[in-house]
Amino acid sequence: MKLNAVEFVKKVLADAVRLGASDVHIDPFPEGSIVRFRVDGLLQYMCDIPPSIHPEVIARIKILAGLRTDVHVTPQDGRFRHDNCDIRVSILPAQHGENAVIRVLASPESGVSLADLGFSPNDVARIEKVLTRRQGLILVTGPTGSGKTTTLYALLGLLNKSESSIVTLEDPIEYALKGVCQVNVNPKYGVSFSSGLRAILRQDPDIIMVGEIRDAETARIAVHSALTGHLVLSTLHTNSAAATIPRLLDMGVEPYLSAATLSLIIGQRLVRKKQGNSYKGRIGIYETLHVDNAIRASILNRSPVNAVVAAARAGGMKTMHEDGMEKVERGITSREEFVSVLYE
């Protein structure tokens, strides 16, 4: 009996939601396509698709995502809703056919509390104190896939009040936030992070969220926005909270500007949660570097990272290593998982 592409895609999406998969990969090969789910950060094999049905499966996904079914040599991106989930689709022409990756955004992350994400009571208190200032620069750091965007949405959830104008610049928009003006980066039409941020500043915002600082120009505009009375939240790819400071310097941000604008830097990773002898779900391990006078002095003196860490710990910061070891001791995750995520 021939596989029905419509029913197959419907079942794949239902299984992905049921299993809590963040992504679905459909990879074509000469002998057939392979379907894999990413669950708790790891890809898991699910099933094969005969090569004869692969084009029909891809066509069905394209139809759902509003993409062109007659285009096969150009990458395409789209999105749609399914079972109360936001579904993002990326189609990429490959050697043996079109490759599809489906991102499943199953819940409104803005409704998740900092405690739910794994922040300690002390870290929550430090973060909430900084958020009351309503100006300055807050950065969430870590590698790709470490949950930075989820943390940003949680922070926006705390800040989203009727008396504040919040504008976000995202690539892409992950979740719709009620009461927030969300802008999607679109280089094709001249909306980059830097140009979009300049346009946002003309919209009289109180709070600005920039999905990622990728270049020197965006870093410069974000810093000057924080300097002129806005609260700016963004992400940066660094290995630790303290490593953010030399990274900004590398991007052309002078130490006096970093010292004047930085309020809080959150470093994070995601580890799998232990459930008996297996894992289910993930939780963050964090360090929250509150930029106090001692840290500002370290920034102005261009102190090495280890000196910044020492000053931050003296000011009450718990490092990611310490937070991870605490979660190991409490049985939330395993030592092997913690070590593999933070040090391998």
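Which residue lies over the face of tyrosine 279? In this predicted model, arginine 272 takes that place, at 4.1 Å from the ring centre.

Aromatic pairs were then searched for across the whole structure, and three were found. One of them joins tyrosine 153 and tyrosine 175. Their ring centres are 5.6 Å apart, and the planes meet at 90°, an edge-to-face arrangement. This pair links distant parts of the chain, with the two positions 22 residues apart in numbering. Tyrosine 153 belongs to helix α5, which spans residues 148-159. Tyrosine 175 sits in the loop between β8 (166-170) and β9 (181-184). Tyrosine 153 has a relative accessible area of 0% and is therefore buried, given the cut-off of under 20%. Tyrosine 175, at 9%, is buried as well.

Another of the pairs consists of phenylalanine 338 and tyrosine 343. The geometry is again edge-to-face, with 6.1 Å centre to centre and 85° between the planes. Here the burial of the partners was examined separately. Phenylalanine 338 is buried, with a relative accessible area of 1%. Tyrosine 343 reaches 49% relative accessibility and counts as partly exposed.

Strand pairing was examined next. Strand β4 (residues 76-82) and strand β5 (residues 85-94) run antiparallel and are joined by seven bridges. The two strands form a hairpin with two residues between them. Within this hairpin, aspartate 83 adopts a positive phi near 50°. Strand β5 also pairs with strand β6 (residues 97-105), in the antiparallel sense, over nine bridges. This second pairing is likewise a hairpin, with two residues between β5 and β6.

Isoleucine 87 of β5 ties the two pairings together at the residue level. It is the bridge partner of phenylalanine 80. In β6, the bridge partner of isoleucine 87 is valine 104.

Aspartate 23 was considered last. This residue lies in strand β1, residues 23-27. Its relative accessible area is 6%, so aspartate 23 is classed as buried under the 20% cut-off. The aspartate 23 side chain makes a polar contact of 2.5 Å with the side chain of arginine 103. Neighbours within four places in sequence were set aside when the contacts of aspartate 23 were listed. The remaining contacts are Arg36, Phe37, Arg38, Val101, Ile102 and Arg103.

How values were computed. Residues are numbered from 1 along each chain as its sequence is written. This is a predicted model: local features need pLDDT of at least 70, side-chain atom pairs count only at pLDDT 80 or more; totals for chains, interfaces and linings use all residues. Side-chain values use heavy atoms; hydrogens and water are left out. Rings of Phe, Tyr and Trp (its six-membered ring) pair if their centres lie within 6.5 Å; planes under 30 degrees apart count as stacked, over 60 as edge-to-face and the rest as tilted. Helices (H or I, at least four residues) and strands (E, at least two) are DSSP runs, numbered from the N terminus. Buried means under 20% relative accessible area, exposed over 50%, partly exposed in between (1.4 Å probe, protein chains only). A charge sits over a ring if NZ of Lys or CZ of Arg is within 6 Å of the ring centre and within 35 degrees of the ring normal. Two strands pair if DSSP finds at least two bridges between them. A polar contact is a pair of N or O atoms within 3.5 Å; within protein, one must be able to donate a hydrogen and the other to accept it, and residues adjacent in sequence count only if both atoms are side-chain atoms. Contact means heavy atoms within 4.5 Å.
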